[in-house]
Amino acid sequence: MAPDAPTSGGSHSADPGSETEQQVTLRDAADLADALPYLMGFYPDDSIVLVGLHGPRGRFGARVRLGIPADPEQWPDVADQLASCLISAADDRGDRPAGMLVFLCQEPAKGERGQDVTQRLRPLAQRLRTACGALDVPVLEALCLSNNRYWSYCCPGYRCCPADGKPMVMPGTSVMAAAAAYAGMQVRGSLKEMEARLTPRTGPRAAEQVKALDSAVGRFLPRMLHANGAHAVRQETLDRAAAMIHRFRQDTPTGSNRARDACDDALLTDAEAAELILGLQDRLTRDRAAEWMEGPSAAAALRVWRALARRCAGAYLEHSVAPLTLAGWVAWSTDDQPSARVALSRALGIDSDYVFAQLLHRGINEGLDPEPLRRCLRSEREEREAQAAVRATSGSRDAAAATRTAPAPGPERTPRSHHAPTSRPTEPRGNSGPPGTRPAARRTRRGGDRIRR
């Protein structure tokens with residue numbers, strides 16, 4: 001899985017003399033441990049996090065996050081790659097960090113204590129320190145966060161850093177929390193809680209959804225293989241998505257994330273979810289669906305894509321990549337980078353070759369602005385609407401022209417006798433031409449064929 005690597009913004013200590021950013025001074029390890037969720041936008045449980053420090057005052061800069069590998073044999077390579085990723089990206093921008101912070105976040109397993117986690121992860125912390133030092137960026141502090149306590153790998157003193165660690169600051173009571181609230185920053189819970197919003201359902205409800213998906217596949221495949229079936233399915237999927245987004249806009253739930261997601265799940269039947277999930281597997285349909293990225297429809301669209309990702313149960317897990325990527329795109333477009341990273345990381349964890357997710361993930365990590373992509377999608381929509389208007393106008397003109405050139409209705413005629421021929425003979429008979437003309441003479445070839453002279 002590609003690491004999450006925000007490379008710009010998110011600073012909480014401005015450069016000297018800056019009047020546009022609020023400055024918050026973090027003085028010790030307790031302040032650093034408390035600041036981590038605000039730096040990331042969520043609590044990064046089961047994660048390695050590196051944070052670059054820039055300038056003489058240690059301004060927060062680039063960050064990189066990756067899940068802690070379960071196999072310790074992978075730790076050396078992971079440590080080297082993370083250090084190289086963050087420092088080389090900073091070098092490319094001409095903003096090499098002067099120092100580094102290391103955070104290892106993991107909750108105790110069954111039968112473990114927080115200090116057991118700290119000791120178990122000590123080799124990983126040491127390798128991260130040496131990997132950064134090899135690139136001439138010293139690690140100024142390395143912390144382990146576990147079970148609401150923290151430990152320092154850099155402090156040798158047992159008085160200031162006891163073996164059983166120190167308690168974390170109570171949430172919402174620190175200077176950092178106050179500054180974040182003033183700046184409108186939001187901590188969206190833990191990483192596991194955010195991933196749970198995108199994880200497919202299990203149990204009996206999952207079995208019912210799989211049945212609905214199986215049934216929808218039986219209907220979709222024959223239509224997709226038909227000459228004009230793909231276009232029809234594409235338009236039907238977009239119409240269903242538009243109707244679903246409108247439905248979600250009309251019913252905005254409240255409460256915890258789990259309560260809101262449960263309400264969203266109730267708005268979507270298994271059959272509706274199956275049809276939308278299968279329809280979004282088409283690339284053109286998915287790209288059109290990405291146009292619900294801003295304005296009053298964006299929040300409802302994000303809820304719909306999350307709900308669809310939760311419905312990709314059982315063998316249909318890979319089908320969740322499309323709604324996950326759409327969720328990541330809408331979150332990024334609406335300035336919710338933490339949610340966008342989680343959704344895109346999950347999509348790439350399922351299908352690492354999904355190009356749309358790769359491009360979006362890279363754009364976020366490189367600190368790009370989503371506005372150019374929004375402009376592109378707007379332009380395509382406007383061009384499509386203009387073409388539809390031209391076709392509609394052209395059709396109206398053709399209909400009007402046909403009406404003008406149609407012959408006026410003549411006088412009512414008496415029906416022919418049933419003894420009269422119903423059509424003119426193909427050969428002229430007698431002097432049936434204009435006055436002064438005579439019928440053409442004929443002669444017969446051999447074989448009985450007649451020709452005109």
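A residue is called buried here when its relative accessible area is under 20%, and by that standard helix α10, which spans residues 270-279, is mostly covered, with 7 of its 10 residues buried. The structure is a predicted model, and the description below moves from this helix to the chain as a whole, then to its sheet, and finally back to the helices and to a single loop residue.

The buried residues of α10 are A273, A274, E275, L276, I277, L278 and G279, and what covers them includes α7 (204-225), α8, α11 (283-289) and α12. Across the whole chain of 453 residues, 41% count as buried. The secondary structure of the chain comes to 16 helices and 8 strands. Of the contacts in the chain with a separation of 6 or more, 68% are made by residues 24 or more positions apart.

The sheet can be followed strand by strand. An open sheet is formed by 6 strands in the order β2-β1-β3-β4-β5-β6, with mixed pairing; its edge strands are β2 (59-67) and β6 (166-167), each of which pairs on one side only. Helix α1, residues 29-40, packs on this sheet and touches β1 (47-54), β2, β3, β4 and β5 (149-152), while its direction makes about 75° with that of β4. Strands of a sheet pair through backbone hydrogen bonds, in either the parallel or the antiparallel sense, and both senses occur among the pairs described next.

Strand β1 runs antiparallel to β2, to which it is joined by 7 bridges, and it also pairs with β3 in the antiparallel sense over 7 bridges. On the β2 side, H54 stands opposite R59, and on the β3 side, I48 stands opposite L104. The strands β1 and β2 form a hairpin with 4 residues between them, and G55 in the turn has a positive phi of about 75°. In a regular strand the side chains alternate between the two faces of the sheet. In β1 both faces are covered, with S47, V49, V51 and L53 buried on one side and I48, L50, G52 and H54 buried on the other, and accordingly 8 of the 8 residues of the strand are buried.

The neighbouring edge strand β2 contains G61, which is buried, with a relative accessible area of 10%. Leaving aside its neighbours within four places in sequence, G61 is in contact with G52 and H54, both of which are among the buried residues of β1. The C-alpha atom of G61 is separated by 9.8 Å from that of M100, although the two residues are 39 residues apart along the chain.

Further across the sheet, strand β3 (residues 99-105) and strand β4 (residues 139-146) pair in the parallel sense over 6 bridges. The bridge partner of V102 is A142 in β4, and L104 stands opposite C144 of that strand. C144 in turn stands opposite W151 in β5, where 4 bridges join the antiparallel strands β4 and β5. The hairpin of β4 and β5 has 2 residues between the strands, and in it N147 takes a positive phi near 55°. Because 7 of the 8 residues of β4 are buried, this strand is largely enclosed by the rest of the structure.

Two of the helices that help to cover α10, namely α8 and α12, also pack against each other. Two packed helices are described by the angle between their axes and the distance between the axes. The axes of α8 (residues 229-250) and α12 (residues 296-310) come within 8 Å and cross at roughly 105°, and since angles of 65 to 115 degrees count as roughly perpendicular, these two helices are therefore roughly perpendicular to each other. From α8, the residues A241, M244, I245, F248 and R249 meet P296, S297, A300, A301, R303, V304 and W305 of α12. The residues of this contact divide into 9 nonpolar, 1 polar and 2 charged.

Beyond α12, the loop that leads to α13 (321-333) holds S320, which is buried, with a relative accessible area of 1%. The side chain of S320 reaches the backbone oxygen of L317 at 2.6 Å. Not counting residues up to four places away in sequence, S320 touches A309, C312 and I350.

How values were computed: Residues are numbered from 1 along each chain as its sequence is written. This is a predicted model: local features need pLDDT of at least 70, side-chain atom pairs count only at pLDDT 80 or more; totals for chains, interfaces and linings use all residues. Side-chain values use heavy atoms; hydrogens and water are left out. Two strands pair if DSSP finds at least two bridges between them. Contact means heavy atoms within 4.5 Å. Axes are lines fitted to C-alpha atoms, for helices over the stretch in contact, and angles run from 0 to 180 degrees between N-to-C directions. Angles under 35 degrees count as roughly parallel, over 145 as roughly antiparallel, 65 to 115 as roughly perpendicular and the rest as oblique. Ala, Val, Leu, Ile, Met, Phe, Trp, Tyr, Cys and Pro count as nonpolar, Asp, Glu, Lys and Arg as charged, and the others, Gly among them, as polar. Buried means under 20% relative accessible area, exposed over 50%, partly exposed in between (1.4 Å probe, protein chains only). A polar contact is a pair of N or O atoms within 3.5 Å; within protein, one must be able to donate a hydrogen and the other to accept it, and residues adjacent in sequence count only if both atoms are side-chain atoms.
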